[in-house]
Amino acid sequence: MNVKKILALALAALMVLAMAACGGNNNGGNTSTPASNGGNNASEPGTTGEPTIADEFSVQIGPNPETLDPALNSAVDGGNMLVTLFETLLIIDENLEVKPGQAESYTVSEDGLTWTFTMRDGLKWSDGTDLNAKDFEYTFKRLADVNLAAPYGETVVGMVDGYQDAIGNPDKDGNMTTEPDIEKLNVKASDDGKTLTVILSYPCPYFDKLVAFGTMSPVQKATVEANGDAWATTPATYVCNGPYMISEWTPSERIVVKKNPNYSGGWDSSRIVTDTINFLLLEDSSASFAAYNSGTAVMIKDVPTEEIPSLTKVEDGGDFYVDTILGTYYLSMNLNKAPFNDVNVRKALNLAIDRDYIANVIMQGTYSPAYNFVGPGVSDASGMFFDNAKSANGGKTYISEDYEENKKLAQEALAAAGYPNGEGFPTITYSTNDAGYHVAVAEYLQSAYKEVLGITMNIDRVEWASFTPMRRAGDYEMSRNGWVMDYNDASNMIELLYSTNGNNDGKYNSASFDAAIDSSRCADQGDHFKFLHNAEKIMMEDYACIPVAYYNDFWLQSPSLKGSWHSPYGYWFFQYAYVEE
Amino acid sequence: MGKYIVKRIAMGILSVFIVATLTFFLMNLVPGGPFVAEKSISKAAQEALEAKFGLDKPLLQRYTTYMTDFLHGDMGFSLRQRGRTVSDIIFSKFPVSARLAGIAVVVALCVGIPLGCISAYNRGKLADNFIIVLGTCGIAIPSFISSVLLLYTFGSWLKILPTMGLNDAVSYIMPVTALAIYPTAYITRLMRSSLLDVMGQDYIRTAKAKGLSSFMILFKHALRNALLPVIAYVGPMLASLMTGSFVVEKIFTIPGLGREFVSSITNRDYTMIMGTTIILAALVIAANVIVDILYKIIDPRIKLK
């Protein structure tokens with residue numbers, strides 16, 4: 001009797017399971033195209049006339065962006081969406097060259113202060129209305145609006161004449177002596193909307209690259225004024241001008257973009273062939289990995305670190321890519337506090353660590369060891385900044401790659417500072433947030449400093465939202481730091497140590513370094529880079545911070561995805577991408 | 001009974017108010033702020049942002065402003081997801097979480113109660129031991145393990161279930177399973193022990209003595225009383241599942257409320273913290289009130305005061 005009942009129940013359970021499985025099979029069969037989004041895709045796979053190129057594909061490049069307003073975005077995943085949805089005056093192509101975008105050409109005056117952009121004819125917004133230089137004038141001025149508080153406002157238009165008046169002139173107590181007035185920003189479109197003239201207050205030799213930065217993407221005055229901040233939250237009001245436009249945005253699930261029929265600009269329209277791209281807003285690396293393995297996504301950025309050892313690199317015929325991006329993982333020391341105010345102590349802490357081990361073992365080769373502050377991928381007046389720095393330094397990096405030698409030098413430096421074998425050295429605290437490899441790196445530092453220098457280091461794990469303000473306030477001894485560059489000019493990295501820079505967390509303050517930076521702000525490209533090299537040499541010889549590793553992006557990409565490329569800015573460009581069926 | 005319900009609801013509203021007040025002051029005590037980013041913004045921009053969202057006002061004034069606005073149905077704008085209002089975010093995500101939780105609760109009850117009965121009915125036998133082992137596993141295995149296990153098995157390896165979203169019926173299978181495992185196991189154990197307890201009572205012995213079949217005894221006399229603790233558990237379970245499961249939502253990419261709840265705190269998105277906390281508190285309290293009323297219906301011996 002009992003056995004029968006159990007059997008009956010078990011049978012019932014089996015039936016339910018079988019039904020579920022059938023449902024799964026049927027559906028799995030129907031949804032062989034990625035992402036089954038409620039009838040969005042009108043054409044049935046297999047019935048299209050051109051079987052070679054798929055109508056759509058799905059990729060994962062990050063979680064839900066907090067904002068897609070170009071002026072408000074400060075995240076790399078938001079920036080990646082912007083390069084797909086918008087086009088700036090100039091664009092950076094797959095060879096990292098600055099190319100005409102919405103502007104067909106531009107000229108720079110001899111003093112480097114007057115930049116004149118000539119617009120292409122027949123430019124349109126995604127809603128079909130006309131776009132011209134006046135839209136860019138509005139965009140640039142909007143970036144200077146204090147009430148908008150664009151995080152990158154100062155970075156991109158801070159050097160434009162009249163910027164200080166645009167944001168208001170504070171006295172030394174921080175009280176405003178003049179009202180902010182964005183009309184003071186010296187950006188002027190001609191009456192016919194054909195040209196845009198930007199006057200700078202000091203030369204900015206990389207202004208062409210800044211103009212190509214996603215923050216400078218044009219926004220349409222009509223939609224912004226009609227909808228306020230909410231304009232950038234729904235496809236209906238999200239007016240853009242790039243190769244693709246948003247057709248659907250389910251926050252935390254997906255952003256669907258479609259080919260923009262009104263697009264004209266610097267990208268070759270004949271090469272924009274895919275109709276629809278799904279950006280899957282996956283937050284969990286296991287979820288991304290499953291989406292990739294199940295064929296839902298053809299490219300994923302979030303690869304579970306525990307899977308890395310089992311993946312095959314693309315050089316070896318696999319689908320796992322590692323590529324450099326413009327950024328450095330470094331450690332800040334609080335130079336206002338003893339013992340870090342002693343250059344010998346900083347030298348010892350700098351040289352006692354094995355960068356190769358950190359990057360290739362602890363970080364599983366997803367980073368590269370950093371012996372200079374500015375890493376590879378950053379361009380110079382000619383060639384690459386990193387290579388030129390190395391050849392000017394006798395073919396060597398500022399920190400030697402010879403770890404055994406470094407260890408000896410570190411021990412000598414610590415002895416010279418008055419702490420032979422670490423005797424009498426205070427216990428120091430290293431602060432870090434808990435993400436990625438941060439804690440593993442911290443634990444390595446702890447053991448290396450103990451072993452090589454005889455120093456005791458405590459690890460203080462700080463929650464992310466408290467971490468940055470704490471570091472900025474100088475309320476730490478040593479801490480993890482890192483910077484991914486916004487534009488491809490070494491100044492963006494080196495200026496982090498400028499005495500008044502908001503991100504100078506170590507409070508490094510060197511007159512000669514600041515002077516070199518000041519001199520680098522000149523019109524001449526050659527001088528610009530010469531002084532930046534000087535500045536890097538000064539800060540490296542001062543051991544102002546501890547470069548540890550250069551950032552890389554690593555991702556999985558199916559061989560079926562073609563035409564896309566990864567740029568050292570940390571973006572994937574999908575304008576020309578397609579999937580062969 | 002009517003009077004009791006009114007009283008409970010009034011108490012409930014008071015509790016929500018206290019929770020809201022405590023949350024408001026506590027979240028402002030935590031270091032960090034909503035406008036913190038790796039990239040520092042200028043002081044003027046920081047101040048402009050604070051003025052825009054009223055964060056430059058004294059705490060007490062902000063509190064009264066918030067509460068007045070809230071009573072007028074205005075939960076304000078999210079400080080981080082610029083341009084989106086808190087109510088938009090919550091009410092676009094709540095139905096997703098509620099649907100998922102509703103299904104998970106039904107599954108947990110439909111599976112947990114029979115399993116508990118079988119287990120109690122066969123006390124000490126093979127079936128009982130088997131169910132106890134299963135139940136222990138269900139309680140011990142955290143949802144991030146079971147979710148990933150499901151995802152890798154059915155999504156990556158067998159490729160029979162969609163790995164993300166809730167776009168069709170089959171896509172509910174994995175997240176519902178992952179969500180329901182723990183409550184199912186819990187209900188099974190609860191049901192088993194409560195049924196065993198009831199089966200030892202005098203009136204069951206009387207029923208047996210009268211010659212009723214064990215089937216009749218179980219369903220007609222024992223089950224009704226044994227269900228009481230399960231019903232008490234359903235309230236909080238439903239509320240906790242409805243406010244979403246952070247882990248399950250993250251792994252299966254479900255745009256639900258759970259993630260908003262967690263990320264609002266890490267982001268110091270004050271208005272979102274308030275909105276999600278108040279909703280959560282209201283749900284828990286409402287669920288408890290409903291359970292108390294259900295209790296009374298099932299067991300007339302319980303006096304409501």
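Guide: A residue is buried if 20 or more other C-beta atoms lie within 10 Å of its own, exposed if 12 or fewer do, and partly exposed in between, with C-beta atoms placed from the backbone. By that standard, buried residues make up 41% of the 305 residues in chain B. The model is predicted, so local features need a pLDDT of at least 70 and side-chain atom pairs count only at pLDDT 80 or more, while totals for chains, interfaces and linings use all residues. Residues are numbered from 1 along each chain as its sequence is written, and chains are lettered from A and ligands numbered from 1 in the order in which they are written.

Visitor: Why does A:Val187 count as buried?

Guide: A:Val187 has 25 C-beta neighbours inside 10 Å, and therefore counts as buried. This residue lies in strand 6 of chain A; helices (H or I, at least four residues) and strands (E, at least two) are DSSP runs numbered from the N terminus.

Visitor: Which residues does A:Val187 touch, not counting those up to four places away in sequence?

Guide: They are A:Glu137, A:Phe140, A:Lys141, A:Val160, A:Leu196 and A:Val198. Contact here requires that the C-beta atoms of two residues, placed from the backbone, lie within 7 Å. In addition, the C-alpha atoms of A:Val187 and A:Phe136 are separated by 8.9 Å, although the two are 51 residues apart along the chain.

Visitor: Where does helix 3 of chain A lie?

Guide: Helix 3 (residues 133-143) lies across strand 5, strand 6 and strand 7 (195-199) of chain A, and runs at about 160° to strand 6 of chain A. Such angles run from 0 to 180 degrees between N-to-C directions, the axes being lines fitted to C-alpha atoms, for helices over the stretch in contact.

Visitor: What makes strand 4 and strand 6 of chain A edge strands?

Guide: In chain A, four strands form an open antiparallel sheet in the order 4-5-7-6. Strand 4 (103-108) and strand 6 (187-189) of chain A each have a single partner strand, so one side of each is left without a neighbour in the sheet. Neighbouring strands of this sheet are turned by 15° against each other on average, direction ignored.

Visitor: Why are strand 4 and strand 5 of chain A called a pair?

Guide: Two strands pair if DSSP finds at least two bridges between them. Strand 4 and strand 5 (residues 114-119) of chain A run antiparallel and are joined by five bridges, so the criterion is met. One bridge sets A:Ala103 against A:Met119 in strand 5 of chain A.

Visitor: How many bridges does strand 9 of chain A form with strand 8 of chain A, and how many with strand 10 of chain A?

Guide: Strand 8 (residues 244-250) and strand 9 (residues 254-259) of chain A pair in the antiparallel sense over six bridges, A:Glu248 being the bridge partner of A:Val256. Their hairpin has three residues between the strands, and A:Ser252 takes a positive phi near 65° there. Strand 9 is joined by five bridges to strand 10 (residues 276-280) of chain A, again antiparallel, with A:Ile255 opposite A:Phe279.

Visitor: Which residues touch the most other members of the largest nonpolar core?

Guide: A:Ala352 and A:Ile494 do, in a core of 241 residues. A nonpolar core is a set of buried Ala, Val, Leu, Ile, Met, Phe, Trp, Tyr and Cys residues joined through C-beta atoms within 7 Å. Helix 4 (residues 86-121) of chain B gives the most to this core, with 16 residues.

Visitor: Which residues of helix 14 of chain A are buried, and what covers them?

Guide: The buried residues are A:Ala465, A:Phe467, A:Thr468, A:Met470 and A:Arg471. The cover includes strand 12 (320-333), strand 14 (428-432) and strand 16 (478-484) of chain A, together with helix 12 (257-266) of chain B.

Visitor: How many residues does each chain bring to the contact between chain A and chain B?

Guide: Chain A brings 56 residues and chain B brings 50 residues. Helix 1 of chain A supplies the largest share of the side of chain A that touches chain B, ten residues.

Visitor: What is the pLDDT over residues 11-48 of chain A?

Guide: It is below 50 over that stretch, whereas chain A averages a pLDDT of 89. As pLDDT is the predictor's confidence in each residue, from 0 to 100, and local features need at least 70, residues 11-48 of chain A therefore fall short of that threshold.
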